[in-house]
Amino acid sequence: MKNAFASRLRLSIRAGSAALAIAIIWLLVVQFGAVLAWDAGYLTRKAALLHWLVVGVLPPALALWQTRLPDGA
């Protein structure tokens with residue numbers, strides 16, 4: 001019984017770590033794209049910041065917020 005719980009906890013932590021890594025990579029890619037679009041003149045500075053916040057920050061933040069650890073953790 002203890003082994004099954006420990007195994008699920010390890011899988012949950014690995015899944016959480018993977019989700020965090022994907023979220024960080026997504027944030028950086030979208031931020032880089034927003035800066036490139038601003039530098040190229042496609043977006044104003046405020047529009048680039050707003051784009052980064054809406055497209056880059058909110059989806060991973062909401063996805064990570066919805067993830068849960070097992071009840072015993």
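# Exercises on a two-helix model

A kink of about 35 degrees lies at Val57 in helix α2, shortly before the proline Pro59. The model is predicted, and the exercises below work through its helices, its buried residues and its surface.

**Exercise 1. Check whether the length of helix α2 agrees with its number of residues.**

Solution.
1. Helix α2 covers residues 45–66, which is 22 residues.
2. The expected span is 1.5 Å times one less than the number of residues, so for α2 it comes to 32 Å.
3. The C-alpha atoms at the two ends of α2 are 31 Å apart, which agrees with the expected span.

**Exercise 2. Describe the make-up of the protein: how many helices and strands are there, and what share of the residues is buried?**

Solution.
1. The protein has two helices and zero strands. Helix α1 takes in residues 2–40, and α2 takes in residues 45–66.
2. Of the 73 residues, 11% count as buried.
3. The exposed area is about 6000 Å², and 71% of it is supplied by carbon and sulfur atoms.
4. Among contacts with a separation of 6 or more, 65% are between residues 24 or more positions apart.

**Exercise 3. Classify Ala23 as buried or exposed, and find what it touches.**

Solution.
1. Ala23 is found in helix α1.
2. Its relative accessible area is 6%. Buried means under 20%, so Ala23 is buried.
3. With neighbours within four places in sequence left aside, Ala23 is in contact with Pro60 and Leu64.
4. Pro60 is one of the buried residues of α2, together with Ala48 and Gly56.
5. Gly56 is 33 residues from Ala23 in sequence, and the C-alpha atoms of the two are 8.8 Å apart in space.

**Exercise 4. Find which residues make the nonpolar surface patch, and state where the largest share comes from.**

Solution.
1. The patch has an area of about 890 Å² and is made by Trp26, Leu49, Leu50, Leu53, Val54, Val55, Leu58, Leu62 and Trp65.
2. Helix α2 gives the largest share, eight residues.
3. Two of the patch residues can be classified by accessibility. The range for partly exposed lies between 20% and 50%.
4. Leu58, in helix α2, has 43% relative accessibility and therefore counts as partly exposed.
5. Leu49, also in helix α2, has 48% and therefore counts as partly exposed.
6. Leu49 and Val35 are 14 residues apart along the chain, with their C-alpha atoms separated by 8.5 Å.

**Exercise 5. Place Gly16 in the model and compare its distance from Thr67 in sequence and in space.**

Solution.
1. Gly16 lies in helix α1.
2. At 36% relative accessibility, Gly16 counts as partly exposed.
3. In sequence, Gly16 and Thr67 are 51 residues apart.
4. In space, their C-alpha atoms are 7.7 Å apart.

How values were computed. Residues numbered from 1 in each chain as written. Predicted model: local features only at pLDDT ≥ 70, side-chain atom pairs only at ≥ 80, totals over all residues. Heavy atoms only, no water. Helix = DSSP H or I, 4+ residues; strand = E, 2+ residues; numbered from the N terminus. Bend = angle between axes of the 7 residues up to and from the residue. Buried < 20%, exposed > 50% of the residue type's maximum accessible area, 1.4 Å probe, protein only. Patch = residues over 30% accessible without salt bridge, like charges linked within 9 Å, V, L, I, M, F, W, Y side chains within 5 Å. Areas by Shrake-Rupley, 256 points an atom, 1.4 Å probe, with all protein chains shown as cover. Salt bridge = Lys/Arg side-chain N within 4 Å of Asp/Glu carboxyl O. Contact = heavy atoms within 4.5 Å.
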